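Welcome! Take a moment to look at the sequence and turn the model around, and then we will walk through it together.

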Amino acid sequence: MAGMTADHMGNMPPDCMAGMDADMMGACPPEAMAGAYGDMMAAMPPEAIAGMDMSMLTQIPVEAVAEVDWANVPPEAMDAGIAAFQEAIANGSSPAEAFEIGGQAADPFMPPDMGDMNADMMGQMPPEAMGSMNADMMGNMPPEAMGGMTAPMMEAMPPHAMGGMTADHMGNMPPEAMAGMDGPMMHMMPPEAMGGMGPMHMEMMPPPAMAGMGPMHMEMMPPPAMAGMDADMMGQMPPHCMGGMNADHMGNMPPEAMAGMDGPMMHMMPPEAMGGMGPMHMEMCPPDAMGGMGPMHMEMCPPDAAAAMSPAQAEMMPGGPGPMADMDGDGMPPPAWGDGAAAGGSPLDGMAPMGDPMGAPPMGGDPMGDAMGGPPMGGDPMGGAPMGGEFDGAMAAMDTAASANMAEGMEAANTAADAADAAAADAPADDAPTDDVV
């Protein structure tokens with residue numbers, strides 16, 4: 001091995017390294033290690049690595065080191081290991097002893113076998129070490145180990161690592177750790193993991209993390225967890241994720257959280273979720289959110305919640321007040337007085353009362369006297385003068401006037417009144433001479 005060069009090392013098949021030991025490696029010139037490559041390093045037995053000294057380690061190409069499992073660690077781990085190795089060599093330790101000392105110094109910075117991880121080990125891990133975490137590692141981690149997780153550790157973890165999370169992991173994680181969560185992490189987390197969430201987890205979650213939620217996340221969330229929701233968190237949720245909401249979610253949500261609701265969110269929320277709404281939820285709902293309501297939302301809304309609706313909220317509902325004005329249950333708002341048949345009322349609504357609106361006598365005249373207030377029509381009934389056709393004509397005119405008022409309004413009624421005037425004017429007075437001879 002003493003005559004080996006970098007070219008020799010670079011052309012050596014990886015499986016040749018399987019027989020390498022510490023003595024053979026120790027005899028290798030340091031500069032030969034410059035020819036090492038990834039597959040070779042991966043095939044090298046641990047005891048062979050123990051034969052390396054620092055001069056050899058520094059010659060290994062970075063890309064070759066990157067292929068080795070133990071090399072995929074945070075820089076802090078590598079720095080601590082190399083520093084301890086150098087110190088051990090300077091103190092007279094053999095390369096094998098120095099290598100072991102260096103490894104021990106790097107251990108706290110390196111992700112160990114996740115199957116052996118426990119909460120205490122997790123708690124001792126520097127946050128930076130979580131940067132090498134992936135979904136498989138998370139999936140292999142005992143759920144109890146999550147008890148050592150902190151917010152900085154969560155923040156340092158790549159979003160894709162959340163792909164291995166389960167409900168048990170979530171249930172064992174301290175709520176405070178949720179403060180390190182963000183939107184991409186939530187998006188990558190399997191919806192089933194929401195099953196381990198509690199109110200305190202939700203309460204500690206930063207509002208921007210809610211942006212990564214989808215309908216399945218909402219559907220899988222235990223309803224009691226909604227107790228930790230607030231308006232800022234609601235405001236950050238994508239509208240489509242409301243598709244997973246149900247009445248129990250609504251019933252457990254603090255009314256104040258409704259302040260973050262908007263029209264698109266209301267539109268995407270299943271009508272059944274309205275069944276959990278109470279008066280306080282309705283009071284805290286912004287008026288513009290009502291613009292997303294549909295008939296089924298209103299139908300599923302409990303009566304006491306509907307009774308808490310404000311005029312401003314009713315005005316923003318599609319179609320205006322709509323069912324809120326349906327006091328008699330016929331599906332239509334009450335007609336405005338005077339709208340007549342067009343509004344569902346009487347044809348008489350909005351028409352003028354019988355008679356001259358300017359204070360004139362009743363149209364058609366006084367039936368006990370002249371049509372316009374003159375002497376009794378047709379002569380004095382007490383004086384023996386018979387009531388002739390003139391009276392009949394006046395009565396007919398009155399009938400005509402009444403009919404006209406009913407059918408055509410004031411203009412036609414005035415015309416009929418004029419006709420009554422003319423009929424009265426043609427009638428002879430009571431004391432007028434007659435051609436009859438007594």
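Let us begin with how helices are named: helices (H or I, at least four residues) and strands (E, at least two) are DSSP runs, numbered from the N terminus. By that rule, Q236 sits in helix α16, which covers residues 231-236. You are looking at a predicted model, in which local features need pLDDT of at least 70 and side-chain atom pairs count only at pLDDT 80 or more, while totals for chains, interfaces and linings use all residues. Residues are numbered from 1 along each chain as its sequence is written, and side-chain values use heavy atoms, with hydrogens and water left out.

Now for the whole protein. Its secondary structure amounts to 24 helices and zero strands. To talk about what lies inside, we call a residue buried when its relative accessible area is under 20%, exposed when it is over 50%, and partly exposed in between (1.4 Å probe, protein chains only). Of the 438 residues, 40% count as buried. The protein exposes about 21900 Å², and carbon and sulfur atoms supply 59% of that area; accessible areas come from the Shrake-Rupley method with a 1.4 Å probe, and for residues only the protein chains shown count as cover.

How far apart in sequence are the residues that meet? Contact here means heavy atoms within 4.5 Å. Among the contacts with a separation of 6 or more, 70% are between residues 24 or more positions apart.

How confident is the predictor? Its confidence in each residue is the pLDDT, which runs from 0 to 100. The protein averages a pLDDT of 75, and 63% of the residues score at least 70. Among its elements, helix α17 (residues 247-252) has the highest mean pLDDT, 97, and helix α23 (residues 389-408) the lowest, 51. Over residues 322-391 the pLDDT is below 50, and this stretch has 79 contacts in the model beyond near neighbours in sequence. Over residues 434-438 the pLDDT is also below 50, but here there are zero contacts beyond near neighbours. Where pLDDT is low, the predicted coordinates should not be read in detail.

With that in mind, let us visit some single residues. M138 belongs to helix α10 (residues 135-140). Is M138 buried or exposed? M138 counts as buried because its relative accessibility is 0%. Leaving out residues up to four places away in sequence, M138 touches M133, M146, M157, A161, G164, M165 and H169. One of these partners, G164, is 26 residues away along the chain, yet the C-alpha atoms of M138 and G164 are 4.9 Å apart.

M258 lies in the loop between α17 and α18 (263-268). With a relative accessible area of 0%, M258 is buried too. Beyond its neighbours within four places in sequence, M258 contacts M250, M253, M277, H281, M284, C285 and P286. M258 and C285 are 27 residues apart in sequence, and their C-alpha atoms are 5.1 Å apart in space.

C285 turns up again when we reach Q313, in helix α22 (residues 311-316). Setting aside residues up to four places away, Q313 touches M282, E283, C285, P287, M290 and A308. Q313 is buried, at 2% relative accessibility. A polar atom of the Q313 side chain lies 2.9 Å from the backbone nitrogen of S310. H297, in helix α20 (residues 295-300), is buried as well, with a relative accessible area of 5%. A polar atom of the H297 side chain lies 2.7 Å from the backbone oxygen of M269. M269 is also among the residues that H297 contacts beyond four places in sequence, including M266, H267, P270 and G292.

Let us move towards the outside. D79, in helix α7 (residues 75-90), is exposed because its relative accessible area is 53%. Q236, where we began, is partly exposed at 37% relative accessibility. Beyond its neighbours within four places, Q236 is in contact with P207, P208, M210 and A211.

Finally, look at the cysteines. C28 is buried, with a relative accessible area of 3%, whereas C16 is partly exposed at 44%. A disulfide is a covalent bond between the sulfur atoms of two cysteines. Taking as a disulfide any pair of cysteine sulfur atoms within 2.5 Å, a search of the whole structure finds zero.

How values were computed:
A polar contact is a pair of N or O atoms within 3.5 Å; within protein, one must be able to donate a hydrogen and the other to accept it, and residues adjacent in sequence count only if both atoms are side-chain atoms. pLDDT is the predictor's confidence in each residue, from 0 to 100.
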